[in-house]
Amino acid sequence: MLQIKLKFQNMIKLKLSMFFIITCCLFLIGCAQDFGSSISLDGEWNVKLDSLNKGISEKWQNNDLEGRTISLPGTLDDAGIGKPSSLEPALNNYVLSHLNRKHEYYGKAWYQREVDIPKNWSNKQISLKLERVLWESKVYIDGQLAGARESLIGSHDYDLTEMLSPGKHRLTIMIDNSNKYPFINVIGDRYPVPADKEMAHAYTNHTQIKWNGILGDMTLNATSKNASENLQIYPDLENNAINVVFQQANAQGKKLTVEVLNTEGEMVISEEIKNPLIEGNYINFSINRPEELQYWDEFNPKVYLARIISQNDTITTNFGYRKISHEDGILKLNGNRIFLRGNLECVIFPLTGYPPMEREGWEKLFGQAKNYG
């Protein structure tokens, strides 16, 4: 009986211990979610087309957008929203010379969803990143305009620190894919439809479709209000040095540690920097190039990780040690003559109408180009 009682007590202790461990794990998971520094905006959004251009004057941002939904990242074409194509398959120049959209829409489209800002973001710098927008965006928080951006090559980034307090907010994004600058296009008069006459590479149905939506990363990010950012590495081959510059809102004289690691994670150099040069919110300094740090070229693509450590934060970036120059019209890499070659990616993404946004897609494309030599 005594043995049975002891076994029973041990089982109770074991179960209590397991319960304690599981509870702690769940608590830590909850903390990790609550204290995260990034919120993904991927998922379902409400969407409303503004073909009559009334959204701004009627202040659509002040109300809930009702009707259709769309999965972002993605495009209206992906969601089957827009004017359906009536094109019939045929072996002729009009059908085969460019991509033909299954659903076509040009103009403003409004996207909306609710976001929930965690309490621990109350003293943080909050930014919004929208990767690949074609080609104007306007962002509203609870009906208030946060700003507008235009770019066909870079992400649309917004500082929302003053507008996003902890709690729930209505995020509305207006995206306009209409031709904002018609005279940048070369007009091809062999195509009967006006939208297909425009031949500019970044805004054309010949290289990619003129989609409306958001591709790639869609995130809200929280950082320290005085976080280091925009780390840039400039190889200085003439002086056998590495020049470093980054930004900080309230830059002050302080000690820094710079580290350079290879792709295996091995330390190449670790050096303390005292009293770097400060110009406005830019911090500059230089270090000597370690002998084991190799030059980069296509036959020796050595890439390194630079890491700047200060009292408050850490910032990193990748770099290769190389110099591109020219002499009498001859291009040179690290003092050696080079020949640049490439291919034109036209009409090669027929399923989506736009290039891939995942690493795997580009690894495949780069691999194909490399195999061609």
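A charge sits over a ring if NZ of Lys or CZ of Arg is within 6 Å of the ring centre and within 35 degrees of the ring normal. Arg-149 fits that description: its charged end sits over the ring of Tyr-158, 4.3 Å from the ring's centre. Keep in mind that you are looking at a predicted model. Let's take a tour of its rings, with a stop at one leucine on the way.

**Charges over rings**
- Besides Arg-149, which has its charged end over the ring of Tyr-158, look for Arg-101.
- The charged end of Arg-101 sits over the ring of Tyr-106, and here the distance to the ring centre is 5.2 Å.

**Aromatic pairs**
- How many aromatic pairs does the structure hold? There are eight.
- One of them joins Trp-211 and Tyr-354 edge-to-face, with 6.3 Å from centre to centre and 65° between the planes.
- This pair links distant parts of the chain, since its two partners are 143 residues apart.
- You will find Trp-211 in the loop between helix H4 (194–197) and strand E13 (213–214), while Tyr-354 lies in the loop between strand E25 (336–337) and helix H5 (359–372).
- Trp-211 has a relative accessibility of 0%, so it counts as buried.
- Tyr-354 is buried too, because its relative accessible area is 11% and the cut-off for buried is under 20%.
- Trp-362 and Phe-366 make a tilted pair, because their planes meet at 40°; their ring centres are 5.8 Å apart.
- Both Trp-362 and Phe-366 belong to helix H5, where they are four residues apart, or about one turn of the helix.
- Is Phe-366 buried or exposed? With 57% relative accessibility, Phe-366 counts as exposed.
- Its partner Trp-362 is partly exposed, at a relative accessible area of 30%.
- Elsewhere, Trp-60, Trp-110 and Tyr-140 come together as one aromatic cluster.

**A stop at Leu-99**
- Where is Leu-99 found? Look in the loop between helix H3 (93–96) and strand E6 (103–104).
- Leu-99 has a relative accessible area of 9%, so this residue is buried.
- Leaving aside residues up to four places away in sequence, Leu-99 touches several others, among them Asn-205, Thr-207, Gln-208 and Ile-209.
- Its contacts also include Val-347, Phe-349, Pro-350 and Gly-353.
- For a sense of distance, try finding Gln-311: its C-alpha atom is 53 Å from that of Leu-99, and 212 residues separate the two along the chain.

Methods:
Residues are numbered from 1 along each chain as its sequence is written. This is a predicted model: local features need pLDDT of at least 70, side-chain atom pairs count only at pLDDT 80 or more; totals for chains, interfaces and linings use all residues. Side-chain values use heavy atoms; hydrogens and water are left out. Helices (H or I, at least four residues) and strands (E, at least two) are DSSP runs, numbered from the N terminus. Buried means under 20% relative accessible area, exposed over 50%, partly exposed in between (1.4 Å probe, protein chains only). Contact means heavy atoms within 4.5 Å. Rings of Phe, Tyr and Trp (its six-membered ring) pair if their centres lie within 6.5 Å; planes under 30 degrees apart count as stacked, over 60 as edge-to-face and the rest as tilted.
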